Amino acid sequence: MLEDLAVLDQPPAPTGPAGPAGWAAVREAARRAGRRASAPPRLPLAEAPGRTLAEPLTALTDLPAFDTSAMDGWAVAGPGPWRVAGRLLAGRPADGPLADGAAVEIATGAQLPPGATAVLRREHGEPDGPLLRERVPGALTTGQDVRPRGQECRRGEVLLPAGTEVGPAVLGLAAASGHDRLAVHRRPVVELLVLGDELLGSGLPRPGLVRDALGPLLPPWLRAAGAETGEPRAVRDDFGLLRDALRHSTADVVVTTGGTAAGPVDFLHRALAEVGARLLVDGVAVRPGHPMLLAELPGGRHLVGLPGNPLAAVAGTVTLALPLLRALAGCGAGDPARAVAVAVDALPGHPVDTRLLPVRRTARGVVQLPYDGPAMLRGLALAEALAVVPPGGAPAGATVELLEAP
Ligand SMILES: Nc1nc2c(c(=O)[nH]1)N[C@H]1C(S)=C(S)[C@@H](COP(=O)(O)OP(=O)(O)OC[C@H]3O[C@@H](n4cnc5c(N)ncnc54)[C@H](O)[C@@H]3O)O[C@H]1N2
Ligand code: MOO
């Protein structure tokens, strides 16, 4: 249903496009909605972890920046024996050049003096009065135990592409290659609005009241996708409250749960129309979660409307929220853990829609988990992934796409 991508290219419309859009197409649409135009901040290295590079990381120096000894021993010039004169420690620039037949004691990491042809390891050398000899004569080869300047990279060379997540090794490499700051993407700020008068923040369910499962479930997952998000905010089933919450939110992305359907207090569509939002996706051909929606709020911000049924909300998260957030956070194209697996048994599908099924990996492939109804989380809590089951289902032995479960 790739033609559904056209939903994003349509001019602003007062209401959303008619009919549910295809699952794969709306994920791509959500990704495209997350492209940023604003200039990325340049942050000190210590503040960059967890973000992604907004520009390729380029070496500001050759690495190593100078010919370096890789071992403790002697820098030697030409074949032995050598006459030893002096000592070179790491951190000091090498002074005069080494003449043929001369050696200087050297530490690992010290700059090699000009003229040195190799480093003789301490355990391979034998002082003999004023001379230094090899324990195994003739074993030393030219360039041995020397890390030549530029061995790892040359100044100006691209070390990492834009979109790389900044982890410990990236910080180390950035520092080694001369960077004090990194241009990284801003983390998108998410405000999570949990809608519903029937929701309890603590304690046991009571007649008519249920525990809010999405307030605890969603924030850690959204953070893992690169978002900054605080405590979820409960919003009562009141049109004015919801409209004002949308109007006054300053978040890059507002995520709502519930209120997407056509119940008497499902005000989300009306509130979106009232604040001048443009519906980009209004319903997706996926089960569970088909009433999910994506809208552009005034000012270029976005709203992801997740259905209230918990597993349906999870389906909306993987379908719309994560691709949008990952794009806003500057993560490389595609899914972080895009994976496929073989279905051990047939996986049931919906006749016309894509189905997302909680599954577990086994040695033979993935298996479906019980308790996978739209209002249930029991299957998901044991799942390692959601299998993307095409319309009509997947027969035993079929290869299915997997999305990592939270
Ligand atoms: N006449 C129709 N009714 C419904 C349809 C439909 O097509 N026609 N679609 C159903 C589907 S599918 C879903 S999914 C839900 C979506 O409903 P909403 O997004 O409007 O959500 P609510 O009505 O507010 O809640 C639905 C359900 O989920 C529970 N819920 C809500 N939030 C939470 C939460 N944070 N934690 C735990 N449980 C939550 C809520 O109590 C309801 O039971 O609509 C169907 N109806
Ligand atoms: O989205 Mo609903 O939860 O499909 O049943």
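Pro216 and Pro220 are the exposed residues on the face of helix 3 that points away from its buried side. Keep in mind that you're looking at a predicted model. Start with this helix, then move on to the strands around strand 24 and the shell of ligand 2.

**Helix 3 and its two sides**
- Helix 3 covers residues 214-224, and its buried residues are Leu214, Leu217, Leu218 and Leu222.
- Those leucines span an arc of only 110° around the axis, which means they sit on the same side of helix 3.
- Here's the general rule: an α-helix has 3.6 residues a turn, so residues three or four places apart point the same way.
- The cover over the buried residues of helix 3 includes strand 13 (189-195), strand 16 (228-229), strand 18 (253-257) and helix 6 (310-328).
- Just past the end of helix 3 comes Gly226, with a positive phi of about 100°.

**Strand 24 and its partners**
- Strand 24 (residues 354-362) runs parallel to strand 20 (residues 286-287), and two bridges join them; Arg287 has Arg355 as its bridge partner.
- With strand 26 (residues 385-389), strand 24 runs antiparallel, joined by five bridges.
- Strand 25 (residues 365-368) also pairs with strand 24 in the antiparallel sense, over four bridges, and a hairpin of two residues links strand 24 to strand 25.
- Look at Val359: its bridge partner in strand 26 is Ala385, while in strand 25 Val359 stands opposite Gln368.

**Around ligand 2**
- Arg287 turns up again here, as one of the residues surrounding ligand 2; others include His290, Asn309, Ala312 and Pro374.
- Sorted by class, this shell has five nonpolar, three polar and one charged residues.

Conventions
Residues numbered from 1 in each chain as written. Chains lettered and ligands numbered in written order. Predicted model: local features only at pLDDT ≥ 70, side-chain atom pairs only at ≥ 80, totals over all residues. Buried ≥ 20, exposed ≤ 12 C-beta atoms within 10 Å, placed from the backbone. Arc of directions from axis to C-beta. Contact = placed C-beta atoms within 7 Å. Near = placed C-beta within 6 Å. Nonpolar A, V, L, I, M, F, W, Y, C, P; charged D, E, K, R; others polar. Pairing = 2+ DSSP bridges.
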